[in-house]
Amino acid sequence: MTMTGYYTHPDCRKHEMGPGHPECPERLDAIEDRLLITGLGLALERREAPAASLTDIELAHSRTHVAALRGLSDVLKEDILAGGPPYAQVDPDTSINVYTWDAALHAAGAALAATDAVIAGDFENAFCAIRPPGHHACRDQAMGFCFFNNVALAAKYALERHGLKRVAIVDFDVHHGNGTEDIVAGDKRILMVSFYQYPFYPLDHVHSSAANLVNLPVPAYTKGMEIRELIESAWMPRLEAFRPEMIFISAGFDSHREDDMGQLGLVEQDYIWITHRIKDVARRHGKGRIVSCLEGGYSLSALGRSVEGHIRVLADV
């Protein structure tokens with residue numbers, strides 16, 4: 001069995017939100033370049049992500065949300081033909097171009113295909129190099145660079161389509177995964193653990209007190225060793241008690257100290273350590289099954305190095 005699958009799709013590079021936007025196609029280039037120069041890509045089995053079906057997307061999102069996003073895409077195409085602008089705004093930070101709908105379908109499809117392959121035993125785990133990211137996408141709302149919630153969708157898919165009983169979501173992005181929380185809060189089959197800078201985006205989000213969530217808000221300038229101590233004391237006991245049959249990771253690398261999108265102080269070794277701890281739990285309780293999906297990470301050099309470290313742990317190389 002090949003240890004780690006690597007899922008992506010060319011359409012994930014075609015979505016973009018305008019010149020200078022931090023969530024840019026070059027993020028995937030930075031990862032690909034790092035895999036190439038280190039030779040790490042040779043240890044992975046690359047697969048092209050299919051498009052997710054709308055029926056599957058509705059495991060995590062309302063039919064109204066899906067229809068609204070598709071409708072916005074169709075209207076944009078018509079407006080462009082009439083001489084209109086190349087983007088349509090969703091919120092002040094988030095917009096779509098004519099490729100966003102397809103990119104979002106393939107990003108979600110990567111998470112679902114990786115889930116299928118890992119559960120089938122084709123891989124022990126998989127990494128999805130995808131964009132747009134997903135963890136701010138709520139059941140009924142696109143926001144924060146996100147349109148469909150790739151990780152929440154994959155977690156629901158593992159439960160509903162594959163019959164798993166308990167899955168965990170781990171989110172280490174610098175921003176709180178408010179969309180994931182919106183979708184999974186109160187679902188006893190899913191345990192979500194996260195840390196994130198607070199107060200920070202999304203500022204108007206009211207944190208849920210649902211029993212299946214372990215939220216660890218930390219102040220700006222928190223460093224890696226403090227995060228590690230919080231993970232040991234708060235995440236690990238809950239994960240061990242929950243015994244997840246599979247783990248899904250919202251892998252945001254904008255907690256890196258070089259990333260201007262946040263003010264936390266993690267470095268590559270912290271992501272390596274976190275991945276080891278997640279993998280330990282997965283191997284004890286879930287046959288090693290992990291699907292990791294790219295979320296944030298906007299300093300291109302730090303992103304490439306951090307993803308390399310994360311994948312090295314997943315692939316045992």
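Here are some questions and answers on a predicted model.

User: How far apart are the end C-alpha atoms of helix α10, and what span is expected?
Analyst: Helix α10 covers residues 300–315, which is 16 residues. At 1.5 Å a residue, the expected span is 22 Å. The end C-alpha atoms agree with that, as they are 22 Å apart.

User: Is α10 largely enclosed or largely open?
Analyst: Buried means under 20% relative accessible area. In α10, 13 of the 16 residues are buried. The rest of the structure therefore surrounds this helix, and α10 is largely enclosed.

User: Which residue follows α10, and what is its phi?
Analyst: Asp316 follows α10. The phi of Asp316 is positive, near 55°.

User: Is His9 buried or exposed?
Analyst: His9 sits in the loop between β1 (2–8) and α1 (11–14). Its relative accessible area is 11%. The cut-off for buried is under 20%. So His9 is buried.

User: Which backbone atom does the side chain of His9 reach?
Analyst: The distance is 2.9 Å. A polar contact needs N or O atoms within 3.5 Å. The partner of the His9 side chain is the backbone nitrogen of Asp11.

User: What does His9 contact, leaving aside neighbours within four places in sequence?
Analyst: Contact means heavy atoms within 4.5 Å. With those neighbours set aside, His9 is in contact with Glu48, Ala49 and His106.

User: What separates the C-alpha atoms of His205 and His176?
Analyst: His205 lies in the loop between β7 (190–197) and β8 (213–218). Not counting residues up to four places away, His205 touches His176, Asn178 and Glu181. His205 and His176 are 29 residues apart along the chain, and their C-alpha atoms are separated by 9.1 Å.

Notes: Residues are numbered from 1 along each chain as its sequence is written. This is a predicted model: local features need pLDDT of at least 70, side-chain atom pairs count only at pLDDT 80 or more; totals for chains, interfaces and linings use all residues. Side-chain values use heavy atoms; hydrogens and water are left out. Helices (H or I, at least four residues) and strands (E, at least two) are DSSP runs, numbered from the N terminus. The expected span of a helix is 1.5 Å times one less than its number of residues. Buried means under 20% relative accessible area, exposed over 50%, partly exposed in between (1.4 Å probe, protein chains only). A polar contact is a pair of N or O atoms within 3.5 Å; within protein, one must be able to donate a hydrogen and the other to accept it, and residues adjacent in sequence count only if both atoms are side-chain atoms.
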